[in-house]
Amino acid sequence: MDARTKEAVRYLGYGNHAVDDSTLALVASSFEELERTTGRRIIYRIFDVSFKDSDHLEIGKLDIVSKNLGKNLKGCQSAVVLGATLGAGVDMLLRKYALTDMARVVALQACAAAFLEEYLDEYQEKIRKEMKEQGLYLRPRFSPGYGDFSIEHQEMILRMLDTAKTIGLTMTDSSMLTPTKSVTAIIGLSKNNVPCHTKGCESCNKTDCTYRRNP
Ligand code: SF4
């Protein structure tokens, strides 16, 4: 099983249980369909980070009070602010199957989530290499809505990146990203070479790390 299939199966709630062949076939064909449908787009910009307090920081014009983010970005003078989307085609695909095939909708939801993660991980690797040449190291991706980093900051992030124009990403009145298979995130940049795990602090075994965003 490749990494993206494993991730999709995990999102489907199988955990360590065996997956039957028909589910695996559904996952495989969902990925094929997503490959044809997604219009992956991403934008990032780098902003200065300044701390007013350990849990009160500014990233460009973004004024944030968050203990978790403050801890994670400790020692960072700048941060990558990014937005990414799989595009409106995925939402159209989900709407189409919602009328006829709910099992496929569930599989597509899981596969799209895995697809987006994979896209971000790959792109983050490119950023990592570029930043390393400048003597900067990446902290893990940190999205609004995680821990005490309020989802309300999403609106400002979209404005800072001008995502409506640059990647076609906007927000509904109820703060939902549209297209739905999209994400915004902050990645701290530090001169300290901290060996961060691509999948974030939750997957990292450095339990005594000063920058760990969760206990
Ligand atoms: S716990 Fe691991 S992933 Fe999280 S900041 Fe520390 S080194 Fe990086």
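A cavity here is a set of grid points, taken over the protein atoms alone, where a 1.4 Å probe fits but cannot get out. With that in hand, welcome to the tour of this predicted model.

**Stop 1: the cavity**

How many cavities of 30 Å³ or more does the structure hold? There is one. About 100 Å³ of space lies in this largest cavity. To find its centre, select V194, C196, C201, C204 and C209, which lie nearest to that point among the 13 lining residues. Colour the lining by class and you should see eight nonpolar, three polar and two charged residues.

**Stop 2: the ligand**

Now switch on the ligand. Which space does the ligand take? The ligand takes the space of the largest cavity, so you can keep your view where it is. Show the surrounding residues as sticks: N72, P140, V194, P195, C196, H197, C201, C204, K206, C209, Y211 and R212. This shell divides into eight nonpolar, two polar and two charged residues.

**Stop 3: the largest pocket**

Next, move to the open space. The largest pocket contains about 690 Å³ of space. Its lining is made by 29 residues, and you can centre the view by selecting Y11, E117, R141, S143 and V183, the closest to the middle of the pocket. Then display the elements that each give two or more residues to this lining: helices α1 (3–11) and α5 (102–133), along with strands β5 (137–142) and β8 (182–190). Which of the elements gives the largest share? That is α5, with four residues. By class, the pocket lining counts 12 nonpolar, nine polar and eight charged residues.

**Stop 4: Q124 in α5**

Stay with α5 and select Q124, which has its place in this helix. Is Q124 buried or exposed? Q124 counts as buried because its relative accessible area is 2%, and buried means under 20%. Show its contacts as well: leaving aside residues up to four places away in sequence, Q124 touches L138, R141, I187 and T198. You have already met R141, one of the residues closest to the centre of the largest pocket.

**Stop 5: helix α1**

Go on to α1 and pick out its buried residues, R4, T5, E7, A8 and V9. What do they pack against? Their partners are α2 (21–37) and α5. Before you leave, click on G13, which follows α1 and has a positive phi, near 90°.

**Stop 6: backbone details in the loops**

The last stop is for anyone who likes to check torsions. Start with D162, in the loop between α6 (154–161) and α7 (163–166). D162 is not a glycine, yet its phi is positive, about 50°. With a relative accessibility of 32%, D162 counts as partly exposed.

Continue to S175, in the loop between β6 (170–171) and β7. S175 is not a glycine either, and its phi is positive at about 65°. The relative accessible area of S175 is 27%, so this residue is partly exposed.

Finish at P179, in the loop between β7 (177–178) and β8. Is the peptide bond from T178 to P179 cis or trans? The bond is cis, with omega near 0°. From here you can follow β8 back to the largest pocket, as β8 is among the elements that give two or more residues to its lining.

Key:
Residues numbered from 1 in each chain as written. Predicted model: local features only at pLDDT ≥ 70, side-chain atom pairs only at ≥ 80, totals over all residues. Heavy atoms only, no water. Near = heavy atom within 4 Å. 1 Å grid on protein atoms, 1.4 Å probe; cavity = no way out; pocket = protein on both sides within 12 Å on 5 of 7 lines; lining within 4 Å. Sits in = over half its atoms within 2 Å of the grid points. Nonpolar A, V, L, I, M, F, W, Y, C, P; charged D, E, K, R; others polar. Points joined across faces, edges and corners; volume = space filled by probe spheres on them. Buried < 20%, exposed > 50% of the residue type's maximum accessible area, 1.4 Å probe, protein only. Contact = heavy atoms within 4.5 Å.
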